[in-house]
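Below are my notes on the model you sent round. They are set out as numbered points, to be read beside the coordinates.

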Amino acid sequence: MNSGARRCLVDLHKYFCRIDSQEFQVRYSVLSGFSSLRRTLAKDKTISELTVIAQNDILNWSLAVCEHIYKLLAESDSRMYDESIAAYLYCLERIDLSAAYKVSRRVLHMGGIWWSLWMSRYIVKYVERIQEYSDFSSTEYINTNYKTGDVGAMDNSLRRNALSTKFQTAKQDTVLHSVELAFAS
Amino acid sequence: MTLVSFDVDIRKPIYARSGALIQQTDFQDLLHARIAQTVEDVQRRTDIVLKDLSRNGKRISVVRSCSSYLYNCVGMIFASRRAWIEINEIYHIFREDGFCKISFDKLSVGDIVVYTSDMAPAHVGLVTTVRRTDGNYGKISSVEVLSKWGRDAEILHPMHSVPSTLGTASEFWSEKVSGGFA
């Protein structure tokens, strides 16, 4: 791991603390619906910064975020982190769609959460709609069909990133699987 | 009368005065018991929100209800606390229910306040009190609103005392002006 990547992971911890905080959660728990949630996340400074640092090392960033989501889901009071989990899923969706899809499928089986369930359902539905089309490489398809309940939520470069990391490496697959297993119980 | 339990929480369609269907949230099944919240959850979150609000110098009047039933601000006003209706539906509802946009000085009890954030609707509240400086004719000095904050509590509050993510009170709507739907 190069120093840039190491730095990225150190920074991540700082963002995790902010997003897991009550101050962050209360801003989101009062929102009137899913479209408001996505709009508010799109404007959130912490969220944009978290997605920007992903550019240093997308693979490790994505694994660290997935691991953190699984950790929160494994907490006995995971419902306390509902808004935080939704925010992480939103970030993952922007950076690594296939990881977002995997985690979302896991979140769908959780009870007692609301926004994160909504977010994961949205991601799963979106990815499955893409999968119906065989031409995965068509950025144009995504650009024109991305259902934006989220106004301007995903800028073009991030969208391209989501696409380019969609076919993730075998390494990431294996690590993700082991992370999943570790928190499965 | 038998109350329907969360386990068989089947939401019914909702229609506007014109007969047009009001779109409820896409994921109706998420309102099912599996993710239903408890009253304690609502109370806990509301306490945190109110503490945060008071740190920002805003106060509320009364927490009216901490029901665990899942409905939102639009559902509170337009579906008698029975539905979760996406905030984006609000202009469709106004049009189909015959509401007209009014200026702030025309505001009276029963009218609707729309809170917007970056030009998009973010929240709605029902006007419960309008105080004027000179009885019924002077300038409006204060407005109280009843609104449901997300899936949390239903709260009676001064018009501008809402969490910042709910936006600012910027539009006022009334159905008593037009006398009918469009």
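1. Helices and strands here are DSSP runs, helices of at least four residues and strands of at least two, numbered from the N terminus. On that basis Leu70(B) falls in the loop between E3 and helix H2 (73-78) of chain B. The model is a predicted one, and the remarks that follow should be read with that in mind.

2. Overall make-up of chain B. The chain holds three helices and nine strands. Along the sequence they come in the pattern β-β-α-β-α-α-β-β-β-β-β-β. Of the 182 residues in chain B, 51% are buried. Among contacts in chain B with a separation of 6 or more, 59% are between residues 24 or more positions apart.

3. The sheet. In chain B, seven strands make an open sheet, with antiparallel pairing and the order E3-E8-E7-E6-E5-E9-E4. Its edges are strand E3 (62-65) and strand E4 (100-102) of chain B, each of which pairs on one side only. On average, neighbouring strands of this sheet are turned by 35° against each other, direction ignored. As general background, strands of a sheet pair through backbone hydrogen bonds, in either a parallel or an antiparallel sense.

4. From the E3 edge inwards. E3(B) is joined to strand E8 (residues 154-158) of chain B by three bridges, and the two run antiparallel. Within this pairing, Val63(B) sits opposite Ile155(B) of E8(B). E8(B) in turn pairs with E7(B), again antiparallel, over five bridges. There, His157(B) in E8(B) is the residue opposite Val145(B).

5. Strand E7. Is strand E7 (residues 140-148) of chain B mostly covered or mostly open? It is mostly covered, as seven of its nine residues are buried. On the E6 side, E6(B) and E7(B) pair in the antiparallel sense over six bridges. Val145(B) appears here as well, being the bridge partner in E7(B) of Val127(B). Val145(B) can thus be followed across to both Val127(B) and His157(B).

6. The E7-E8 hairpin. Five residues stand between the strands in the hairpin of E7(B) and E8(B), where Gly150(B) adopts a positive phi near 60°. The next residue along, Arg151(B), is among those lining the largest cavity (point 10).

7. Helix H3 on the sheet. Helix H3 (residues 90-97) of chain B lies across strand E5 (112-117), strand E6 (120-132) and strand E9 (168-174) of chain B. Its direction is at about 150° to E5(B).

8. Positive phi outside glycine. Most residues other than glycine have a negative phi, so the exceptions deserve a look in the model. Arg81(B) is not a glycine, yet has a positive phi of about 65°. Met119(B), also not a glycine, has a positive phi of about 70°. Where do they lie? Arg81(B) is in the loop between H2 and H3 of chain B, and Met119(B) is in the loop between E5 and E6 of chain B. Arg81(B) is partly exposed, with a relative accessible area of 29%, while Met119(B) is exposed, at 79%.

9. Leu70 and Arg81. Is Leu70(B) buried or exposed? Leu70(B) counts as buried because its relative accessibility is 3%, and the cut-off for buried is under 20%. Leu70(B) and Arg81(B) are eleven residues apart in sequence, and their C-alpha atoms are 8.5 Å apart.

10. Cavities. How many cavities of 30 Å³ or more are there? The count is three. The largest contains about 80 Å³ of space. Residues from both chains line the largest cavity, including Gln22(A), Arg79(A), Glu83(A), Arg44(B), Ile48(B) and Arg151(B). Helix H2 (22-29) of chain A and helix H1 (39-55) of chain B each supply at least two residues of that lining. H2(A) gives the most, with four residues.

11. Cysteines. A disulfide is a covalent bond between the sulfur atoms of two cysteines. Over all chains the count of disulfides comes to zero. Cys91(A) is buried, with a relative accessible area of 0%. Cys66(B) also counts as buried, because its relative accessibility is 19% and the cut-off is under 20%.

Key: Residues numbered from 1 in each chain as written. Chains lettered and ligands numbered in written order. Predicted model: local features only at pLDDT ≥ 70, side-chain atom pairs only at ≥ 80, totals over all residues. Heavy atoms only, no water. Disulfide = S-S within 2.5 Å. Buried < 20%, exposed > 50% of the residue type's maximum accessible area, 1.4 Å probe, protein only. Pairing = 2+ DSSP bridges. Axes fitted to C-alpha atoms, helices over the stretch in contact; angles between N-to-C directions. Contact = heavy atoms within 4.5 Å. 1 Å grid on protein atoms, 1.4 Å probe; cavity = no way out; pocket = protein on both sides within 12 Å on 5 of 7 lines; lining within 4 Å. Points joined across faces, edges and corners; volume = space filled by probe spheres on them.
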